[in-house]
Amino acid sequence: MAATEVSAKTQEAICSNVDQIQDEMISFLQDLVRVPTVNPPGDLYREGAELIGDQLKKFGYEINYITADGMKEHTQAHPRVNVFGRMKGTASRPSLHFNGHFDVVPVGYGWTRDPFAAAIEDGKIYGRGVSDQKAGIAASIFAIEAVKRAGLKLRGTVEQSGSVDEESGGFAGVAYLAKQGWLGKDKNDYVIITEPTDTNHIYLGHRGVYWFKVTTHGRIAHGSMPHLGVSAIDHLTDFLHGVTHELKPKLATRKTEVPVQPPKSRYASINVNAVFGGQPEEGTQTPCVADRSGAIFDRRFLSEESFDQVRGEISEMLEKYRSANPEFKYTLEDLMVVHPVQTDRSCDLVQTLSGCIQQVAGTEAVFAASPGTYDQKHVVRIANVAQCVAYGPGLLAQAHLPDEYCRIDDIVTSAKVMALTAVQLLGVE
Ligand SMILES: [Zn+2]
């Protein structure tokens, strides 16, 4: 499907309607920031979902609330509530879906402002989650309304979802929506996730993640006679030494062709996330040789590396220690695997969106990929929608910081880009 030609006059009318709707958009965003949907633990998700749902309903969408029934994180105290709105065009396809997560990370230290007051100062709106990514939700909702107020009717279908738990993996959020069939290639042609991408970047995808746990096993003995036991901590030390001095230098030579930002994240990497073993740190110590130790690792891998290769490299290292020392006993456990995703930049969605960025912002779109993952993995891997990117207002560098803010200009610019993208992809009557 190629993008529809829309006259310059129509596009101007749409942009001027975005300007006119600005105050309403910002006041909606302020209301949304004032609901502290902090995750963990997942506070006020129902209130957050309803605020978005009520706005979508006013703008003519059919609304559904989707609770993540059956998921362990969906509890009475902290229900996982997602909101899904659909506005049918004169045709059901093509269909463009905007998704934004409305959970925000905890406030943390160092704020000089009330993190949930949504105060405006010098053209910036301040608050936890404003950049990441409530501004994106406001922008996509009001972008489509501006098209309507310009007197136009979209030919294809627009959907908007507000989802939960992105900050903790998105399993009760976008993954759940995809598994339950709310998102899928049989329904959706294009998905834009409205994460902060600095207004002119398009995030095509992200690196892969392999979280794993290595546990080493020894034999307990009295600490005054360690020769009678086998220290699991000594075994772990050997492996950690190998990770630091053999594996890390090897990974530092592997660079991806994918435009990951920041550029230093273009290399494969590993981080030791946690180390455990022996007796608990708190409490009385008794003299013992540790019979169990271990560590949790966070390995980020590139599109150019296969997961089998990544995992194989770890088990080969462990086997090397075992063959050198028959007492070296270990278990390797996979905790989480996320494969890298990357949307083809020649697809209609990316081409149209980048054209609209050029047109509205007056600068060329920058293609990027994320060092960490976000909900795109679920859209691509579970819902099987190939044309999915992240695009939205707000500075990625502002995400999770104290005094988080988003520039109002950027929200307006992004909303214009989203509106023009929608009319070009879906067509207008
Ligand atoms: Zn985010």
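**Figure 1. Strand β9 pairs with strand β12 in this predicted model.** The two strands, β9 (residues 208–217) and β12 (residues 329–338), run antiparallel and share nine bridges. One landmark is Thr 216, which stands opposite Tyr 330 of β12. β9 also pairs with β11 (residues 292–301). That pairing is antiparallel too, with 10 bridges. Here Trp 211 has Asp 298 of β11 as its bridge partner.

**Figure 2. The side chains of β9 alternate between two faces.** In a regular strand, side chains point to the two faces of the sheet in alternation. Gly 208, Tyr 210, Phe 212, Val 214 and Thr 216 point to one face, and these residues are buried. Val 209, Trp 211, Lys 213, Thr 215 and His 217 point to the other face and are not buried. Two residues link this view to the pairings. Thr 216 belongs to the buried set and faces Tyr 330 in β12. Trp 211 belongs to the set that is not buried and bridges to Asp 298 in β11.

**Figure 3. Strand β2 has antiparallel pairings with β1 and β6.** β2 spans residues 81–87, and five of its seven residues are buried. Six bridges tie β2 to β1 (residues 62–67). Within that pairing, Asn 64 stands opposite Phe 84. Five bridges tie β2 to β6 (residues 157–163). In that pairing, Gly 85 has Gln 160 as its bridge partner.

**Figure 4. Helix α2 packs its buried residues against helices and strands.** α2 covers residues 45–58, 14 residues in all. From first C-alpha to last, the helix reaches 20 Å, close to the 20 Å expected at 1.5 Å a residue. Its buried residues are Tyr 45, Gly 48, Ala 49, Leu 51, Ile 52, Gly 53, Gln 55 and Leu 56. An α-helix has 3.6 residues a turn, so residues three or four places apart point the same way. The partners of the buried residues are helices α1 (8–33) and α3 (130–149), together with strands β1, β2 and β6. Just after the helix, Gly 60 adopts a positive phi of about 95 degrees.

**Figure 5. Gly 53 is a buried residue of helix α2.** Why does Gly 53 count as buried? It has 22 other C-beta atoms within 10 Å, and the cut-off is 20 or more. Setting aside residues up to four places away in sequence, Gly 53 touches Ile 63, Tyr 65, Val 83 and Gly 85. One of these contacts, Gly 85, is the residue that bridges to Gln 160 in β6. Ser 306 lies 253 residues from Gly 53 along the chain, and their C-alpha atoms are 41 Å apart.

**Figure 6. Helices α3 and α9 cross at roughly 50 degrees.** Their axes come within 8 Å. The crossing angle makes α3 oblique to α9. The crossing is right-handed. On the α3 side, the contact residues are Ala 135, Ala 138, Ala 139, Ser 140, Phe 142, Ala 143, Ile 144, Ala 146 and Val 147. They meet Ile 411, Ser 414, Ala 415, Met 418, Ala 419, Ala 422 and Val 423 of α9. α3 is mostly covered, with 18 of its 20 residues buried. After α3 comes Gly 151, with a positive phi near 85 degrees.

**Figure 7. Helices α7 and α9 cross at roughly 135 degrees.** α7 spans residues 348–361 and α9 spans residues 408–426. Their axes come within 9 Å. The two helices are therefore oblique to each other. This crossing is right-handed. From α7, the contact set is Asp 348, Thr 352, Leu 353, Cys 356, Ile 357, Gln 359, Val 360 and Ala 361. From α9, it is Thr 413, Lys 416, Val 417, Leu 420, Thr 421, Gln 424 and Leu 425.

**Figure 8. Strands β4, β5 and β16 form an open antiparallel sheet, in that order.** β4 (120–121) and β16 (405–407) stand at the edges with a single partner strand each, so one side of each has no neighbour in the sheet. Two bridges join β4 to β5 (residues 124–126). Ile 120 has Ile 125 of β5 as its bridge partner. Helix α9 lies across β5 and β16, at about 60 degrees to β16.

Key
Residues numbered from 1 in each chain as written. Predicted model: local features only at pLDDT ≥ 70, side-chain atom pairs only at ≥ 80, totals over all residues. Buried ≥ 20, exposed ≤ 12 C-beta atoms within 10 Å, placed from the backbone. Helix = DSSP H or I, 4+ residues; strand = E, 2+ residues; numbered from the N terminus. Pairing = 2+ DSSP bridges. Expected span 1.5 Å × (residues − 1). Contact = placed C-beta atoms within 7 Å. Axes fitted to C-alpha atoms, helices over the stretch in contact; angles between N-to-C directions. Parallel < 35°, antiparallel > 145°, perpendicular 65-115°, else oblique. Left-handed = near helix turned anticlockwise from the far one by under 90°.
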